[in-house]
Amino acid sequence: MASKNPSYRIILGSSSKARKQILAEMGYEFTIMTADIDEKSIRREKPEDLVVTLAEAKADAIVQRLLNDGQLEADASTTLLITADTVVVYRGIIREKPTSEKEAREFVKGYSGSHAAVVGSVVVTNLVTGKRYGGWEGAEVYFLEIPDEEILVKPNTI
């Protein structure tokens with residue numbers, strides 16, 4: 001398949017398998033660069049503010065690394081950096097990525113027969129012009145009862 005982005009470069013600022021899959025299935029060529037930030041140190045009261053702030057912090061960290069490495073000056077072509085973040089809001093509490101298999105199982109068990117909101121953001125930064133655009137979207141997800149034996153957590157998904 002021919003590249004859909006011959007005149008510009010895309011950097012996906014994420015290690016998310018789902019995000020990689022979306023860009024790949026759309027036929028885009030991209031490189032992956034993850035941000036080395038302490039997401040837990042960034043707090044916001046509203047989930048919408050949190051996901052946008054985290055995506056922007058990831059973009060800032062990657063831009064700084066590219067500047068430090070001299071990679072921005074070396075490449076004169078337009079480069080788009082895409083960063084994102086997602087949280088779940090369950091019973092008024094913001095839940096980020098579970099830190100263990102046990103916590104992931106507890107999260108899923110809690111959702112059984114209930115509902116939660118998913119809030120996600122995407123921020124796109126043009127590394128040549130410095131222009132940045134982003135936003136967030138939310139969805140309410142309703143779950144049927146989930147039997148304990150059906151609650152499986154795949155390795156490398158937490």
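## A guided tour of the fold and its salt bridges

Start with the whole chain in cartoon view: you should find four helices and six strands. Keep in mind as you go that this is a predicted model. Following the sequence from the start, the elements come in the pattern β-α-β-α-α-β-β-α-β-β.

Before zooming in, switch on the surface for a moment. The accessible surface of the chain is about 10000 Å², and carbon and sulfur atoms contribute 53% of it. Of the 158 residues, 33% count as buried. If you display contacts, consider those with a separation of 6 or more: 64% of them involve residues 24 or more positions apart.

**Stop 1: helix α4**

Select residues 101-111, which make up α4, and show the side chains of A104, F107 and Y111, which are buried. Now look down the helix axis: these three lie on the same side of α4 because they cover an arc of only 60 degrees around the axis. A general point helps here: an α-helix has 3.6 residues a turn, so residues three or four places apart point the same way.

What do the buried residues of α4 pack against? Add β3 (78-90), β4 (93-95) and β5 to your selection, and you have their packing partners.

Stay on α4 and pick R105 and E101, which form a salt bridge with the closest N and O atoms 2.8 Å apart. The two residues are four apart in helix α4, so about one helical turn separates them. Both ends of this bridge are partly exposed: R105 has a relative accessible area of 34%, and E101 is at 39%. Then move just past the helix to G113, which follows α4 and has a positive phi, near 70 degrees.

**Stop 2: bridges across the sequence**

How many salt bridges does a search of the whole structure find? The search turns up eight, and a few of them deserve a closer look.

Select K40 and E96 next; the closest N and O atoms of this salt bridge are 4.0 Å apart. K40 sits in the loop between β2 (31-32) and α2 (47-68), while E96 is in the loop between β4 and α4, so the pair ties together parts that lie 56 residues apart in sequence. Are the two partners buried or exposed? K40 is partly exposed, at 48% relative accessible area, whereas E96 is buried, at 13%.

Now go to D60 and R132, whose side chains meet in a salt bridge at 2.9 Å, N to O. This pair also links distant parts of the chain, with D60 in helix α2 and R132 in strand β6, 72 residues apart. D60 counts as partly exposed at 44% relative accessibility, and R132 counts as partly exposed at 29%.

For a bridge with additional members, select E39, K58 and D85 together: a network of salt bridges links them.

**Stop 3: T129 and its loop**

Finish at T129, in the loop between β5 (115-126) and β6 (132-142). Show its side chain and draw a distance to the backbone nitrogen of K131; the side chain of T129 reaches that atom at 3.2 Å. Then add T79 to the view. T79 is 50 residues from T129 along the chain, and the C-alpha atoms of the two are separated by 9.4 Å.

Key
Residues are numbered from 1 along each chain as its sequence is written. This is a predicted model: local features need pLDDT of at least 70, side-chain atom pairs count only at pLDDT 80 or more; totals for chains, interfaces and linings use all residues. Side-chain values use heavy atoms; hydrogens and water are left out. A polar contact is a pair of N or O atoms within 3.5 Å; within protein, one must be able to donate a hydrogen and the other to accept it, and residues adjacent in sequence count only if both atoms are side-chain atoms. Buried means under 20% relative accessible area, exposed over 50%, partly exposed in between (1.4 Å probe, protein chains only). The arc is that of the directions from the helix axis to the C-beta atoms. Contact means heavy atoms within 4.5 Å. Accessible areas come from the Shrake-Rupley method with a 1.4 Å probe; for residues, only the protein chains shown count as cover.
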